[in-house]
Amino acid sequence: MHRNLAYLIFGATPWVMKPLISTEPIIIGNFSIARLTVLTIGLSIFFMVLLTLFVRKTKPGKAMRAVSEDKDVARLMGVDIDKVIVTTFAIGGALAGA
């Protein structure tokens, strides 16, 4: 029943999406690399630099480093351990999604 309703609403012909980036490879001499691979490597480097700057230069990053070293001492210094753990998992999830 649900499948037939979907066919009635959307039709039976598939929709084709255009690629976001060109599928032609980048060719340098005898070397060829896909544009998507270059984009993936570039974004990975960008996010790693961003993460490194966040962990080293911000107050939440300093709290993350303190919690990773010693939770009890970090708690004594006024760090909200639960908030730091939630923030860490949120950043990890966002990076995994990216």
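Visitor: How many salt bridges does the structure hold?
Guide: Just one salt bridge turns up here. Keep in mind that this is a predicted model.

Visitor: What makes the contact of D72 and R75 a salt bridge?
Guide: Their side chains come to 3.9 Å, N to O. The cut-off is within 4 Å, from a side-chain nitrogen of Lys or Arg to a carboxyl oxygen of Asp or Glu. The 3.9 Å of D72 and R75 fits, so the pair counts as a salt bridge. As for the general idea, side chains of opposite charge can pair when their charged atoms come close.

Visitor: Why are D72 and R75 separated by about one helical turn?
Guide: Because they sit three residues apart in helix 4, which covers residues 71-76.

Visitor: Why is D72 called exposed?
Guide: Its relative accessible area is 52%. Exposed means over 50%, so D72 gets that label with its 52%.

Visitor: And what is L39 called, buried, partly exposed or exposed?
Guide: L39 lies in helix 2, residues 35-57, and has a relative accessibility of 38%. Buried would be under 20% and exposed over 50%, so L39 at 38% counts as partly exposed.

Visitor: What makes L39 fit for a nonpolar surface patch?
Guide: Patch residues need over 30% relative accessible area, and L39 has 38%. Leu is also on the list of nonpolar side chains used for patches. L39 shares its patch with L20, I21, L36, L43, F46 and L50, and together they make about 700 Å².

Visitor: How do you know whether I85 is buried or partly exposed?
Guide: I85, found in helix 5, has a relative accessible area of 29%. Buried means under 20%, so I85 at 29% is partly exposed. I85 and S68 are 17 residues apart in sequence, while their C-alpha atoms are 9.7 Å apart in space.

Visitor: Which helices supply at least two residues each to the lining of the largest pocket?
Guide: Those are helix 3 (59-69) and helix 5 (81-97). Helix 3 gives the largest share, five residues. The pocket itself has a volume of about 270 Å³.

Visitor: What makes some of its lining residues nonpolar and others polar or charged?
Guide: It goes by residue type. The lining includes P60, M64 and V79, and Pro, Met and Val count as nonpolar. Among the others are K59 and D80; Lys and Asp count as charged. G78 is there too, and Gly goes with the polar ones. The full tally is five nonpolar, two polar and four charged.

Key
Residues are numbered from 1 along each chain as its sequence is written. This is a predicted model: local features need pLDDT of at least 70, side-chain atom pairs count only at pLDDT 80 or more; totals for chains, interfaces and linings use all residues. Side-chain values use heavy atoms; hydrogens and water are left out. On a 1 Å grid over the protein atoms alone, a cavity is a set of points where a 1.4 Å probe fits but cannot get out, and a pocket is an open set with protein on both sides within 12 Å along at least five of seven lines; lining residues have an atom within 4 Å of a point. Grid points are joined across faces, edges and corners, and a volume is the space filled by probe spheres set on the points. Helices (H or I, at least four residues) and strands (E, at least two) are DSSP runs, numbered from the N terminus. Patches are made of residues with over 30% relative accessible area and no salt bridge: like charges are joined within 9 Å, nonpolar side chains (Val, Leu, Ile, Met, Phe, Trp, Tyr) within 5 Å. Accessible areas come from the Shrake-Rupley method with a 1.4 Å probe; for residues, only the protein chains shown count as cover. Buried means under 20% relative accessible area, exposed over 50%, partly exposed in between (1.4 Å probe, protein chains only).
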